[in-house]
Amino acid sequence: MQQTSKQFKVNVVRALKDETLQQAMHRARGGFVEKRRIAIENLPEFDQIKRHGIAIKNHSLDNLADYLEQFESKVIESGGQVHWASGPAEACRLVVELCKQVDARTVAKGKSMIGEEIYINEALEAAGFEAIETDLGEYIIQLAGEPPSHIIAPAIHKTKQQIAELFRRHHTALENNRSLDTVPEIVSEARGILRDKFLNADVGITGANFLIAETGTTMIVTNEGNGDLSATLPRRHIVLASIDKVVPTLEDCSSLLRLLARSATGQETTTYTTFFTGPKPRPDGSQSDFHVVLIDNGRSDMLFSEYRDMLRCIKCGTCMYHCPVYSNVGGHAYGWVYPGPMGAVLTPLMTGLEQAKDLPDASTFCGRCAEVCPMAIPLPDLLRHHRDKAYKLHLTPAGQRWGLGLWAGLAKRPRVYRLVSLMAVRLMKMLSKHGVLRRLPFLGNWQQGRELPAPGGETFMAQWNRQNKGDQA
Amino acid sequence: MNPTRNAILARLRSASKLQDNMVNQRLQQHGRGPLPALNAQLLERFVNKMTANSASVEVVKDDRSLVNSVKLFLQRHNLPLSLCMVNHPLLSGLPWSDELQIDKRFVSHHDLTVLSVATAALAETGSVVMLSGEQTPTEANFLPDNFICIVNQLDIVAYMEDLWDRLRQQGQTLPAVVNIVSGPSRTADVEQTIQLGAHGPRRMHVLIRG
């Protein structure tokens, strides 16, 4: 996957003009926000559980090394193996090696965001393996050759017709004039195709929602059951997990699960909540083997930094649906694995600020993301750190820097500020017609569908002083 | 021994100025977080939630009616009167009638209907708990189109936390797979429309032995 975050502005224009995408985003927008709201309303203890969940993650991050070591020793005790990777190249090399060891041909993959992060599919394919995404959404975008546009609903940008077209193009063994008009028909076809893949896969790869130090357990939530089939049927199960996923006990995991499903899909629980510990028994009496690849990829550096809070993220994706920018431009505009507010924080950290400097700018700091985040991650603050850095590194364009400098100069001189704002207010009043401003310089198309109400001719400070005098009299 | 491992751990240690040395204590205490009020008896809550999760649920008073319920379920959905059941003592001891063709063997992906036994059930979320093992293989929970699951009423617990305590009391380390199953498999990946029967069962029927 080619990162395109650098052309964010171009991506945005394209997304806004893409009618099919706009139609798909419009359908998605309301539904998730409403479902989540109802789910949380139905759990009066949500805030209490949220505070507890945040404390669990903070404590786990404070003692990350100890919990990872504990996790590792328990995995080994239960007969599994743990591998460590500092970055994508090392992680991919380990996974490819693990597949080669069992002479694998086909690899069934459950959904894994860290897998996207390290480009595991590309690595497996380059090594000659067939890697099949088994989550329906991931499967659809794999056929389309696209990255996910949402971390929970990767194919949210696709319409039913587009999916049917993809299936017709790729499932060539099936009858050409079959009907694929309805959701049940589409899902049923995917089920049939992917069932064969599961049964023939030599290795299963899944991600992990949490790692449990107490027992050396990795766990996943799914609605489809694809992660379970990927993990259960093949003779080798490889779990990909970033190091920030570890929590102390099964009880801690249970608390966090109450926040995860509600925030992610508005469900009280996902259909399948599955805990894997060590090698699994197989029908022939043998055992499948169990490998966990722990991946850092910049997280140990984040722990040192002002972005530490971001490591609490449980990847629910709720910040995306609630973001006015994401819900208009969709996930692909962000140009990398993680879109939306959390992506605008993570992408510059993982791929470099110069690759992604526009992402932190694509926010009005409305703060809705931080408000709905079940881990209370101060996303706007973290975006502001990025903007600050971009400014210091001279990545911000000259016009913007000049504007900011001018503003700062004014804001630091109250007298001049008052004078200038008074002049601006009077000027705007003069330019207005019937109390409305139709055209202002520099705003261009922005005003095509909008009108600005004209100011009343008095500045805020002047009003404040006048009214306060009135109060005292 | 492993340079990457040691480097990562060393880096984390130097970052953790806050390390509070509570780790061992924390691991042994199994402290619970705030729990949602259930506002109902365990059985009632379980039945309501499991039904809301799109499974069908029946409480049966004895094993004869249990067998009958299995038959009625198959008839209701126009399914052949045959099923594969896992090798579990509870199932072998049931008074099966000749009307049903029962195969006791390892489940295959050709099986339309599979019968298995849950170790426990969770009232909070309306879920059954399936532990991997010879008597209840994990494949049974995912491969069939129709999944019938039996659970004893006494094994319904309130929360997932109760399950962990029960397993610890029984001196069990966790089995290779613990599946907490809350209804039939589903997906909303096509236009956010919920469709049952994504990769796992299209139907799920739960029989509670009262």
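Two strands count as paired here if DSSP finds at least two bridges between them. With that in hand, welcome to this predicted model, in which chain A and chain B touch through 73 residues from chain A and 58 residues from chain B. An open sheet of 8 strands takes strands from chain A and from chain B, and an open sheet of 6 strands is made by chain B. The points below go through the sheets, the contact between the chains, the helix packing in chain A and its domains.

**The six-strand sheet of chain B**

- The strand order in this open sheet of chain B is S1-S12-S7-S4-S2-S3, and the pairing is parallel.
- Strand S1 (56–60) and strand S3 (101–104) of chain B each have a single partner strand, so they stand at the edges with one side lacking a neighbour in the sheet.
- From one strand to the next, the twist averages 25°.
- Within the sheet, strand S2 (residues 82–85) and strand S4 (residues 113–117) of chain B run parallel and are joined over 2 bridges.
- If you would like a pair to find in the viewer, B:Cys84 has B:Val114 as its bridge partner in S4(B).

**The sheet shared by chains A and B**

- Reading across this open sheet of 8 strands gives S8(A)-S5(A)-S6(A)-S9(A)-S9(B)-S6(B)-S5(B)-S8(B), and its pairing is mixed.
- Its edge strands are strand S8 (246–247) of chain A and strand S8 (156–157) of chain B, each of which pairs on one side only.
- Where the chains meet in the sheet, strand S9 (residues 272–276) of chain A is antiparallel to strand S9 (residues 177–181) of chain B, and the two pair over 5 bridges.
- Among the bridge partners, A:Tyr272 goes with B:Val181 of S9(B), while A:Thr273 goes with B:Ile180 of S9(B).
- As general background, strands of a sheet pair through backbone hydrogen bonds, in either a parallel or an antiparallel way.

**Where chain A touches chain B**

- On the chain A side of the contact, which takes 73 residues, helix H10 (residues 183–200) of chain A gives the largest share, with 8 residues.
- Sorted by class, this side of chain A has 33 nonpolar, 24 polar and 16 charged residues.
- A pair of helices also meets across the chains: the axes of helix H12 (residues 250–265) of chain A and helix H7 (residues 160–169) of chain B come within 9 Å and cross at roughly 165°.
- Angles over 145 degrees count as roughly antiparallel, and H12(A) and H7(B) are therefore roughly antiparallel to each other.
- The crossing of this pair, H12(A) and H7(B), is right-handed.
- A:Leu250, A:Glu251 and A:Ser254 of H12(A) make this contact with B:Met160, B:Glu161 and B:Trp164 of H7(B).
- By class, the residues of the contact of H12(A) with H7(B) are 3 nonpolar, 1 polar and 2 charged.

**Helix packing within chain A**

- Helix H9 (residues 160–170) of chain A and H10(A) have axes that come within 11 Å and cross at roughly 35°, and the crossing is left-handed.
- From H9(A), A:Lys160, A:Ile163, A:Ala164 and A:Phe167 meet A:Val183, A:Ile186 and A:Glu189 from H10(A).
- The contact of H9(A) with H10(A) has 5 nonpolar, no polar and 2 charged residues.
- H9(A) also packs with helix H8 (residues 136–144) of chain A, at an angle of about 65° and with the axes 10 Å apart.
- H8(A) passes H9(A) in a left-handed crossing as well.
- A:Ile140, A:Leu143 and A:Ala144 of H8(A) meet A:Ile163, A:Leu166 and A:His170 of H9(A).
- The contact of H8(A) with H9(A) divides into 5 nonpolar, 1 polar and no charged residues.
- A:Ile163 is worth picking out in the viewer: this residue of H9(A) takes part in the contact with H10(A) and in the contact with H8(A).

**The domains of chain A**

- Chain A divides into domain 1 (43–300) and domain 2 (411–472).
- Taken over C-alpha atoms, the centres of these two domains of chain A are 54 Å apart.

Definitions and conventions
Residues are numbered from 1 along each chain as its sequence is written. Chains are lettered from A and ligands numbered from 1 in the order in which they are written. This is a predicted model: local features need pLDDT of at least 70, side-chain atom pairs count only at pLDDT 80 or more; totals for chains, interfaces and linings use all residues. Domain bounds come from an automatic or database domain assignment. Axes are lines fitted to C-alpha atoms, for helices over the stretch in contact, and angles run from 0 to 180 degrees between N-to-C directions. Helices (H or I, at least four residues) and strands (E, at least two) are DSSP runs, numbered from the N terminus. Angles under 35 degrees count as roughly parallel, over 145 as roughly antiparallel, 65 to 115 as roughly perpendicular and the rest as oblique. A crossing is left-handed if the near helix is turned anticlockwise from the far one by less than a right angle, and right-handed if clockwise. Two residues are in contact if their C-beta atoms, placed from the backbone, lie within 7 Å. Ala, Val, Leu, Ile, Met, Phe, Trp, Tyr, Cys and Pro count as nonpolar, Asp, Glu, Lys and Arg as charged, and the others, Gly among them, as polar.
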